[in-house]
Amino acid sequence: MPPWSYAAAGKVIDCGFLIARDDREAMGWIRSVGVVPAARGRGLGGFLLRHASGVFTARGRDTVGLGVDTANATGAPRLYERHGLTLHHAVDTWETVVR
């Protein structure tokens with residue numbers, strides 16, 4: 001069974017994903033990473049980050065980046081910090097509803 005899946009009620013269920021871009025010369029970019037709530041806390045997010053970092057390293061990238069809402073309620077910023085990522089740049093986004 002792949003490490004991003006788990007067995008529940010006799011079925012194998014995908015429970016995490018990571019989508020990355022590899023179109024920058026020196027930097028790998030993680031566009032999105034997620035783990036379903038029932039599978040959180042089992043190390044899957046860390047596994048996906050480590051795997052992506054290894055792939056980027058093998059391709060000659062010396063930096064890996066991603067974007068995240070620093071107020072993310074899932075704990076994602078803490079996960080990223082535990083895996084060596086540090087805040088490089090913060091942005092405020094302003095929005096309005098158009099009717």
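Is Val 35 buried or exposed, and what is its relative accessible area? In this predicted model, where local features need pLDDT of at least 70, side-chain atom pairs count only at pLDDT 80 or more, and totals for chains, interfaces and linings use all residues, Val 35 comes out buried, at 14% relative accessible area. Residues are numbered from 1 along each chain as its sequence is written, and side-chain values use heavy atoms, with hydrogens and water left out. Buried here stands for under 20% relative accessible area, exposed for over 50%, and partly exposed for anything in between (1.4 Å probe, protein chains only).

Val 35 belongs to strand E4; helices (H or I, at least four residues) and strands (E, at least two) are DSSP runs numbered from the N terminus. Leaving aside residues up to four places away in sequence, Val 35 touches Cys 15, Gly 16, Arg 40, Leu 44 and Gly 45, a contact being heavy atoms within 4.5 Å. Between Val 35 and Leu 48, which sit 13 residues apart along the chain, the C-alpha separation is 9.6 Å.

Now for the sheet that E4 is part of. Three strands make up an open sheet in the order E3-E4-E5, and the pairing is mixed; two strands pair if DSSP finds at least two bridges between them. E3 and E5 each have a single partner strand and stand at the edges, so one side of each lacks a neighbour in the sheet. On average, neighbouring strands are turned by 30 degrees against each other, direction ignored. Axes are lines fitted to C-alpha atoms (for helices over the stretch in contact), and angles run from 0 to 180 degrees between N-to-C directions.

E3 (16-21) and E4 (27-35) are antiparallel, with six bridges between them, and they form a hairpin with five residues in between. Within this pair, Leu 18 stands opposite Val 33 of E4. On the other side, E4 and E5 run parallel and are joined by four bridges. Met 27 has Thr 63 of E5 as its bridge partner, while Trp 29 is matched with Gly 65 in E5.

Helix H1 packs on this sheet, touching E3, E4 and E5, and its direction makes about 160 degrees with that of E4. E4, H1 and E5 together give a right-handed β-α-β unit, right-handed meaning that, with the strands pointing away from the viewer, the path from the first strand over the helix to the second runs clockwise. H1 has 15 residues and spans 21 Å from first to last C-alpha, close to the 21 Å expected at 1.5 Å a residue; the expected span is 1.5 Å times one less than the number of residues. Its buried residues are Leu 44, Gly 45, Gly 46, Leu 48, Leu 49, Ala 52 and Phe 56, and their cover includes E3, E4, E5 and H2. After H1 comes Gly 60, with a positive phi near 90 degrees.

The largest nonpolar core holds eight residues: Ile 30, Leu 49, Ala 52, Phe 56, Leu 66, Ala 76, Leu 79 and Tyr 80. H1 (44-58) and H2 (76-82) are the elements that give two or more residues to this core. A separate second core of five residues includes Cys 15, Ala 39, Leu 44 and Leu 48. Such a core is a set of buried Ala, Val, Leu, Ile, Met, Phe, Trp, Tyr and Cys residues joined through side-chain atoms within 4.5 Å.
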